[in-house]
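Dear colleague,

Please find below the structure I agreed to pass on, followed by a summary of what was found in it. I should be grateful for your comments once you have looked through it.

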Amino acid sequence: MFKRNLHNLDRLARVIIGIGCIYVGFVDTSIISNNVVSMLVGIFGVVNIFAAAISHCPVYNLVGLSTCSTKSEAKPE
Amino acid sequence: MHLRLKLFLGIVLFFTIALCFFGYIAYDSAVESSIKQENILLKDLSGGLTNDLASDIGTQPNEVAIKSWLTHFKSPQITTMVFSDDHQIFSDKEQKQVPQGVMQQIATSEPSGSISMQQVVYIWHSRPIPGTRYTLSLIHSQNQQDARTFLNALAMPLIFAALIIIWVAIWTTMFIAALLEKLSAQKDKLQHQAMHDALTSLPNRTLMQDRLQVAMHTADRQRTELALLAIDLNRFKEINDTLGHHCGDLLLIEVAKRLELGLRKSDSVARLGGDEFAIILNHVEAEDVKAIVEKLTRLIEEVMEIEGNKLFISASIGSAIFPTHSREMDTLLQYADVAMYAAKKACVKYASYSADLEEGSREKLILSNDLRNAVQAGQLSVNYQPKINIRTGAVIGTEALIRWKHPTLGFVGPDRFIPIAEQTGLMRPLTEFVLDTALQDLRRLSDQGYTTSMAINLSAVSLQDPELESLLLNAAGKWGAQPSQVVLEITETAVMDKTVHAMEVLQSLDKLGFKISMDDFGTGYSSLVNLRRLPIQELKVDRTFVMNMLTNEEDATIVRTIIDLGHSLGKKVVAEGVESETVLQALAELGCDIAQGYHISRPVPFETLANWLKTNSHHTQADPAPAPGLASGWPIAAKPS
């Protein structure tokens, strides 16, 4: 459905960042002692996990970047 | 990517600096506000304490009483200090948290404030004890470590918020950068499209003119010469028609590549449209142009393999030199074109511009402009030249020949204006005019009682005209002529040029009943197979052979051969250009069927023809006239009415 533009390392990094952010944002909210920021960080984590799951980053796509091994996809146009 | 990287780094730097500044302000404000808060608390507390103290010690306001009263008040963080009007400090000796220096400063300064010393912040509020000369100060010593704990709570949300802001900012910037890059790429593409030919990616006419202008200025300043070449591929249309446009396009791309290959970096090649190219040669001497042109033609003429077809193509090249031929861009372009057309016409690869060429093409331009209006202006007319049966002497038909009386140039021969009409798409109106006039005159002859045939010349272009049949039938129908009375004369070259198609056209004309005659026979390259297959009734021996047949043995042989060939194929043979009685007799001896020429009659207007027929009508076709050529005149096929 989506064109793959994330390398597995990129996905792994996103999963780690995502889990961290979800923990900080939703699980242990005392770390950031501010509800709005916690929620934003949590959402950021969810977005990262989602991108890693589908191997596609919409922002990469907009910018024309790709960390996929196929070099030809790395350049826009 | 370059722009994006720069933007990325720029944005990260900007936001980091902005967030640091923001963080500093937030930190500073937080510290300030916490001190203020402390001050307010101390103020309230000191208010209560001094009132209580005053009421408790009441009548004995001395140091000892105050000190002992204060021993009841114990706080781990708040130190009490009492000083007199003369700044004499007396305090609980056990309370060592506040250094003496700080106390001294508090005793001598504002009633409320804060001071930082050795990692500790001292916040105080002093209030006079009512009814006494003493002042009570409450000092809250706050370890800076404690302040950090408070700030840490503030810092975490700030840092995370800052990171999210940076993250959003980076991607927004990247997105905008991508958008900008896309727009700029689009702009570049449009600009490229406007200036370049889509097929070959060579500069187009607009860019070429621009470059030529610049090149001319440079050459002018440096006092050097530059050459402009106009290139047109020969027989490109044929390749397009037979192998398809796709092949034609591939061929143009290949030619473009080869042209670029054959030029220096400083030269410029452009595609002006169709199979026309132009080249600007900077810094060349007129003498060098020929060598460059030879190189280019060699490159173009090398066999091209396109989709499995081996193609051989050639080009006609014309050149004009700046400033020798012209200092104006438009004129230079025009001159190169003139030279190119001259090369094409002369069937040579290359021609350099000269004033003589210009004269010819100027006349061509005038003629093509004026020809458009010639029909309406009544400048065209049709003359007739009779043809006779050599054996019987009877007039068997006439040939309609178009004449143009130009208002300034006088009589212009068809050999001059027919090629122009063919090139400029004026052939149909001309054919229409000749058909209409000739068949009307045929009708007038028939009304006068002469039954004869009318020969009309058709050009190669007319044969390609899909409307030809309807033109012929309409004209014949309009003037009540039978198709069998109309002889269509087609030159050998016209028939053989597009053999397959011409065959179809001629066959359908034959089916409609029109007679077909092959004109100028002997000058082209007829295939004998086609000659047998073509539905032609007549061969017309070209005048050049007939005129010289008495003096030139070879011409006589050709005439005899054509007559024999015609007869063997069952066709009548017409000899054109009969200019003397002896030629006529020689033709009779060779068995030629029909003669036409000045000796019999020049091409004449209709009225003259009618009179001529009247005076030469004492013979009928049935009359077995003796050998022709009697000075008295020529027999006529029809009886006078």
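In what follows, two residues are in contact if their C-beta atoms, placed from the backbone, lie within 7 Å. Please bear in mind that this is a predicted model.

With that criterion, I begin with a pair of helices in chain B. B:Phe236, B:Ile239, B:Asn240 and B:Leu243 of helix 6 of chain B meet B:His245, B:Cys247, B:Gly248 and B:Leu251 of helix 7 of chain B. By class, this contact has five nonpolar, three polar and no charged residues. The axes of helix 6 (residues 236–243) of chain B and helix 7 (residues 245–261) of chain B come within 6 Å and cross at roughly 140 degrees. Angles over 145 degrees would count as roughly antiparallel and those from 65 to 115 as roughly perpendicular; helix 6 of chain B and helix 7 of chain B are therefore oblique to each other.

Turning to the interior, the largest nonpolar core has 74 residues. Those with the most contacts inside this core are B:Ala438, B:Met454, B:Ile456, B:Leu488, B:Val541, B:Val546 and B:Ala595. Helix 12 (residues 427–447) of chain B gives the most to this core, namely eight residues. Apart from this core lies another, of 52 residues, which includes B:Leu226, B:Ile239, B:Val284 and B:Leu333. B:Ile239 also belongs to the helix 6 side of the contact described above. As for B:Met454, when residues up to four places away in sequence are not counted, its contacts include B:Ala438, B:Leu439 and B:Leu442 as well as B:Gln485, B:Val486 and B:Val487.

Helix 21 (residues 606–615) of chain B has two contrasting sides. B:Phe606, B:Leu609, B:Trp612 and B:Leu613 are buried. Seen down the axis of helix 21 of chain B, these buried residues fall within an arc of 120 degrees, so they line one face of the helix. They pack against strand 13 (380–389), strand 14 (395–406) and helix 12 of chain B. The face turned away from the buried side carries the exposed residues B:Glu607, B:Asn611 and B:Thr615.

Finally, the contact between the chains takes 14 residues from chain A and eleven residues from chain B. On the side of chain A that touches chain B, helix 2 (35–54) and helix 3 (58–63) of chain A are the elements that give two or more residues. Helix 2 of chain A provides the largest share, four residues. By class, this side of chain A has ten nonpolar, three polar and one charged residues.

With kind regards

Notes: Residues numbered from 1 in each chain as written. Chains lettered and ligands numbered in written order. Predicted model: local features only at pLDDT ≥ 70, side-chain atom pairs only at ≥ 80, totals over all residues. Axes fitted to C-alpha atoms, helices over the stretch in contact; angles between N-to-C directions. Parallel < 35°, antiparallel > 145°, perpendicular 65-115°, else oblique. Nonpolar A, V, L, I, M, F, W, Y, C, P; charged D, E, K, R; others polar. Core = buried A, V, L, I, M, F, W, Y, C linked by C-beta atoms within 7 Å. Buried ≥ 20, exposed ≤ 12 C-beta atoms within 10 Å, placed from the backbone. Arc of directions from axis to C-beta.
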